[in-house]
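Here is a friendly walk through one model, from its confidence to its packing. Please keep the sequence and the 3D view open as you read.

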Amino acid sequence: MAALTTTDLEGLTLVARGKVRDIYATSVPTQLLFVATDRISAYDVILNNGIPGKGSILTQLSLYWFDKLRDIIPNHLITVAVDEMPEDVRKHREEVQGRSMLVRKAEVIPLEAIASELRVNSCDQPSLQLLLYAIGSAWQEYKRSGTVHGITLSAGLVESSKLPEPLFTPSTKAEQGAHDENIHPDQARRLIGSDLYERISTVAVKLYTVAAAHCHANGVILADTKFEFGLLSDATHDKELILIDEVLTPDSSRYWPLDGYQAGRPQPSFDKQYLRDWLVAKGFKKGLEGGLNGEGWTIEEEVVKERVEWAKSLSSKRLKDVVPSNSPQILPMSSNPRTPIPEEWRISNG
C-alpha cells in the first residue's frame with residue numbers, strides 16, 4: 001500500500017494544507033472536510049515520504065476519543081460515513097474513505113491547549129501547554145534556569161520527574177518550518193482574553209484527566225497531548241466552545257509504557273519519538289530543516305516498513321466498536337463503556 005501524502009479533490013476548494021491534514025470547503029457553507037493524509041513530521045519538518053495507512057489510524061483514534069470525551073465538551077464531528085456527506089465529497093469516496101471527517105465549521109481559537117504529564121513542544125499553532133513531567137525543551141530550560149517558560153519551579157527535579165502540579169506553558173507558532181516561540185501565560189491571556197483562556201485551560205485539564213486515567217488503566221502513560229478548540233455561533237445562542245481537529249493521536253500526543261517508567265532518564269514511547277531519533281541520527285539540527293542537501297528529508301524505506309509492522313503488532317480488538325477489524329492500531333485501548341463523567345466536569349457554554 002502506497003502512502004497518500006497529498007490530495008487533490010476536484011470540485012472541492014482546498015482551504016488549508018497542514019502538516020498532516022488537507023482541509024476542504026464543501027457545498028454546505030457550514031461544513032468542512034478534514035482528510036488525514038499519511039504525511040509525517042518532526043521538529044517542524046514534513047518528510048518527503050509518509051507512513052502508509054497513518055491517516056486512517058489517526059482518524060480512527062480521533063473517533064474513539066471524540067466519543068469517549070463527548071460528555072465533557074461537544075466536538076466538531078458530524079460524520080465519518082461518506083454516504084452521509086455532501087455529493088461533492090461522495091464522488092471522492094475511494095480517496096477519502098476511512099481517513100476523513102465531515103465537521104462543523106468553527107471559529108478557531110488561536111491557542112492549542114496542551115495537557116500533559118510531559119511536554120516536548122511540537123505544536124502546529126500557538127499552544128497552551130500543561131506540564132506534569134520535566135522533559136524535552138521544558139527540561140532543558142529548567143536545567144539552565146530552574147524555570148519553564150519563565151515560570152519558576154521547585155528545585156531538585158530530574159528528567160521525566162513528575163511536577164508537583166500541572167503547569168500551563170503557552171507558545172506561539174512561527175511560519176511552517178520555523179520554530180515556535182515560548183510566551184508567558186499572561187501574554188496568552190492577552191491574546192484571547194482572560195475569560196476564554198480560563199475556560200480552555202479548565203476543560204483541557206478535565207479532558208486530559210479522563211483520558212490519562214483510561215490510558216493508565218490499560219498500561220499506558222498519556223504523557224503529553226494537545227487539544228484545539230473553536231467557537232460556534234448562531235442567531236439564537238452565544239458562542240459555544242467545542243473541541244476540534246484531532247484528539248489524542250500519536251501525532252498530537254506522547255505515550256509511554258507504564259511498565260518500566262523511571263524518573264531520571266528519557267522514556268521509551270509509542271509515538272513519533274522514533275522519527276525524532278532517526279532525524280538526529282542522520283544529522284538533523286536547527287538550520288537543516290531543508291535537509292543535508294537542500295532536498296528535504298526522506299525516511300528510509302526499512303524504517304517505514306518497521307513502523308507499519310509495529311503498528312500492526314499493537315493492534316487491539318478492544319477498539320472493535322469504533323475501528324474496522326482489519327485496521328492496524330497504534331495503541332491498545334479498552335472497549336469498556338465510556339468512563340462516567342462527573343456532573344461538575346461538564347462544561348457550561350452559557
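The report below takes up confidence, one helix, the nonpolar cores and two single residues.

This is a predicted model, in which local features need pLDDT of at least 70 and side-chain atom pairs count only at pLDDT 80 or more, while totals for chains, interfaces and linings use all residues. Residues are numbered from 1 along each chain as its sequence is written, and side-chain values use heavy atoms, with hydrogens and water left out.

**Confidence.** The protein chain has a mean pLDDT of 79, and 75% of its residues reach 70 or more; pLDDT is the predictor's confidence in each residue, from 0 to 100. Two stretches with pLDDT below 50 are tabulated here, with their contacts (heavy atoms within 4.5 Å) beyond near neighbours in sequence.

| Stretch | pLDDT | Contacts beyond near neighbours in sequence |
|---|---|---|
| Residues 118–130 | below 50 | 77 contacts |
| Residues 174–178 | below 50 | eight contacts |

Where pLDDT is low, the predicted coordinates should not be read in detail.

**Helix H1.** Helices (H or I, at least four residues) and strands (E, at least two) are DSSP runs, numbered from the N terminus. H1 covers residues 54–68, and its end C-alpha atoms are 21 Å apart, in agreement with the 21 Å that its 15 residues should span at 1.5 Å a residue. The expected span is 1.5 Å times one less than the number of residues. Of the 15 residues in H1, 14 are buried. Buried means under 20% relative accessible area, exposed over 50%, and partly exposed in between (1.4 Å probe, protein chains only).

**Nonpolar cores.** A nonpolar core is a set of buried Ala, Val, Leu, Ile, Met, Phe, Trp, Tyr and Cys residues joined through side-chain atoms within 4.5 Å. The largest one has 40 residues, and those touching the most other members are Trp65, Leu207, Phe227, Phe229, Leu241 and Leu248. Among the elements that each supply at least two residues are H1, H5 and S15, but the largest share, eleven residues, comes from H6. Another core of 15 residues lies apart from this one and includes Trp278 and Val303.

**Thr225 and His184.** Is Thr225, in strand S15 (residues 220–232), buried or exposed? Thr225 is buried, because its relative accessible area is 0%. Its side chain makes a polar contact of 2.7 Å with the side chain of Ser253, and one of its polar side-chain atoms lies 3.5 Å from the backbone oxygen of Ser252. A polar contact is a pair of N or O atoms within 3.5 Å; within protein, one must be able to donate a hydrogen and the other to accept it, and residues adjacent in sequence count only if both atoms are side-chain atoms.

His184 sits in the loop between strand S14 (181–182) and H5. His184 counts as partly exposed because its relative accessibility is 35%. Between His184 and Val148 the C-alpha distance is 9.4 Å, with 36 residues separating them in sequence.
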